Amino acid sequence: MDDDSVHRTLSGHLHVALLKGDKQNDVEQQPITAANAGGATSFVKTCFNGLNALSGVGILSVPYALASGGWLSLILLFVIALATFYTGLLIQRCMDAKSDIRTYPEVGELAFGNNGKIIVSVFMYVELYLVATGFLILEGDNLNNMFPDVEFKLLGFRIAGQAFFVLVIALIILPSVWLDNMSLLSFVSASGVLASAIIIGSVFWCGAFDGIGFQHKGTTLINWKGIPNSISLFAFCYCAHPVFPTLYTSMNNKPQFSNVLAFCFILCTFCYASMAVMGYAMFGSDIQSQITLNLPTGKLSSLVAIYTTLVNPICKYALMTLPIVTAIKNRFPSNYNTKPLTMLISTSVLVSNVTVALAIPFFGSLMSLVGAFLSVTASIILPCVCYLKISGSYKRPFGFETVIISSIILIGVVAAIVGTYVALVEIIGKI
């Protein structure tokens with residue numbers, strides 16, 4: 001597989017499954033080829049694919065994001081949704097400039113040559129790696145919350161709590177990273193929309209009928225110190241842009257793509273806002289980085305939400321790391337591309353993820369770092385910069401559109417720098 005194939009694989013893996021007729025590709029998913037990317041997907045299926053791309057583990061952290069910034073920070077969720085919707089349209093315009101563009105790195109290449117392609121690819125690979133690490137932390141946190149007293153000793157070392165469950169989940173995931181055929185996992189990983197709906201419904205049921213209630217426990221109107229964290233976590237919810245080119249090229253009616261984006265962003269933003277308001281009203285400032293950690297484990301509705309949260313990352317982990325494994329494998333001569341080498345690389349990636357998860361076991365802080373440094377860059381800054389270069393708008397510095405896009409870039413850069421700094425300080429302070 002050459003570099004272009006890796007980029008197509010990566011574009012198809014960034015978030016969740018893309019249905020094309022009866023085929024599937026995934027953000028958290030399967031590679032596409034030129035043969036099946038020719039535009040066979042209907043408007044309805046593309047909407048489903050878009051919802052899958054925007055529905056992820058970020059929904060667990062939006063109540064924490066709202067609690068960090070206070071009630072007024074909910075405005076930032078809508079601002080970020082609007083900005084990322086607009087940058088999604090900019091990606092579409094970039095692709096219209098050259099008909100054979102099919103992946104996000106190719107947009108970067110059209111704008112800035114090979115360097116642009118490398119920059120976009122690096123941000124995508126690092127995001128995949130850290131989100132996969134976040135999966136392990138999420139699993140460890142929730143299992144430790146359900147079974148708090150589990151431990152064992154190995155070679156004189158006591159392993160307990162979250163660390164124990166991270167290792168257990170890694171062992172469960174290990175066989176899946178050795179698979180050659182990812183179609184089954186790709187099918188399972190297409191459940192992003194359903195999983196989000198189940199979690200929202202379960203949390204609502206828990207609050208309305210299982211005795212927790214919505215007693216407006218969240219009372220903070222604005223917390224300026226928490227705003228960077230809120231922005232970072234909200235941005236993480238909208239980090240699906242690298243899969244938009246795959247969505248666009250798959251459509252049989254490409255002029256409708258803007259309507260697809262509008263529908264997906266409106267519905268997902270409603271879901272994110274609903275979860276944020278419910279979670280903050282239910283638990284107030286006591287909300288944890290994942291709302292499932294606050295749910296009472298003795299209630300059926302809570303167990304449904306928790307188990308739904310646990311199953312999805314296990315299914316998606318191998319698909320998330322496959323592009324990384326493929327890229328590393330392609331650095332070896334073709335005669336070394338054997339099954340044992342693939343297994344060694346995939347196992348090494350998993351071991352490194354486990355190491356990072358054990359060293360930085362802070363889901364909220366890590367996702368805040370991903371949101372600030374990677375999501376803001378990949379979903380807000382890069383689309384704007386690439387569009388200005390490809391369209392030539394940068395030559396008209398005082399044009400209305402150029403001023404708007406430049407303002408978005410400036411705000412994005414500030415948010416990325418401040419958010420990254422705050423997240424790193426938070427992580428270092430916890431270590």
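Is the crossing of H6 and H12 left-handed or right-handed? Keep that in mind while we set up the view.

This is a predicted model, in which local features need pLDDT of at least 70 and side-chain atom pairs count only at pLDDT 80 or more, while totals for chains, interfaces and linings use all residues. Residues are numbered from 1 along each chain as its sequence is written, and side-chain values use heavy atoms, with hydrogens and water left out.

**Stop one: H6 and H12.** Select residues 161-177 for helix H6 and 300-329 for helix H12. Helices here are DSSP runs of H or I, at least four residues, numbered from the N terminus. Their axes (lines fitted to C-alpha atoms over the stretch in contact) lie 9 Å apart, at an angle of about 45°. That makes H6 oblique to H12 (neither under 35 degrees, over 145, nor 65 to 115). The crossing is right-handed, meaning the near helix is turned clockwise from the far one by less than a right angle.

Now show side chains: Ile169, Ile172, Ile173, Ser176 and Val177 of H6 meet Ile314, Tyr317 and Ala318 of H12, with contact meaning heavy atoms within 4.5 Å.

**Stop two: H2.** Move to residues 43-54. The 12 residues of helix H2 should span 16 Å at 1.5 Å a residue, and the end C-alpha atoms are indeed 16 Å apart. Among the buried residues (under 20% relative accessible area) are Thr46, Cys47 and Leu54.

**Stop three: Val413.** Find Val413 in helix H15, residues 400-430. Val413 is partly exposed, at 33% relative accessible area (between the buried limit of 20% and the exposed limit of 50%, using a 1.4 Å probe and protein chains only). Finish with Thr377: its C-alpha atom is 7.8 Å from that of Val413, although the two are 36 residues apart along the chain.

How values were computed. Helices (H or I, at least four residues) and strands (E, at least two) are DSSP runs, numbered from the N terminus. The expected span of a helix is 1.5 Å times one less than its number of residues. Axes are lines fitted to C-alpha atoms, for helices over the stretch in contact, and angles run from 0 to 180 degrees between N-to-C directions.
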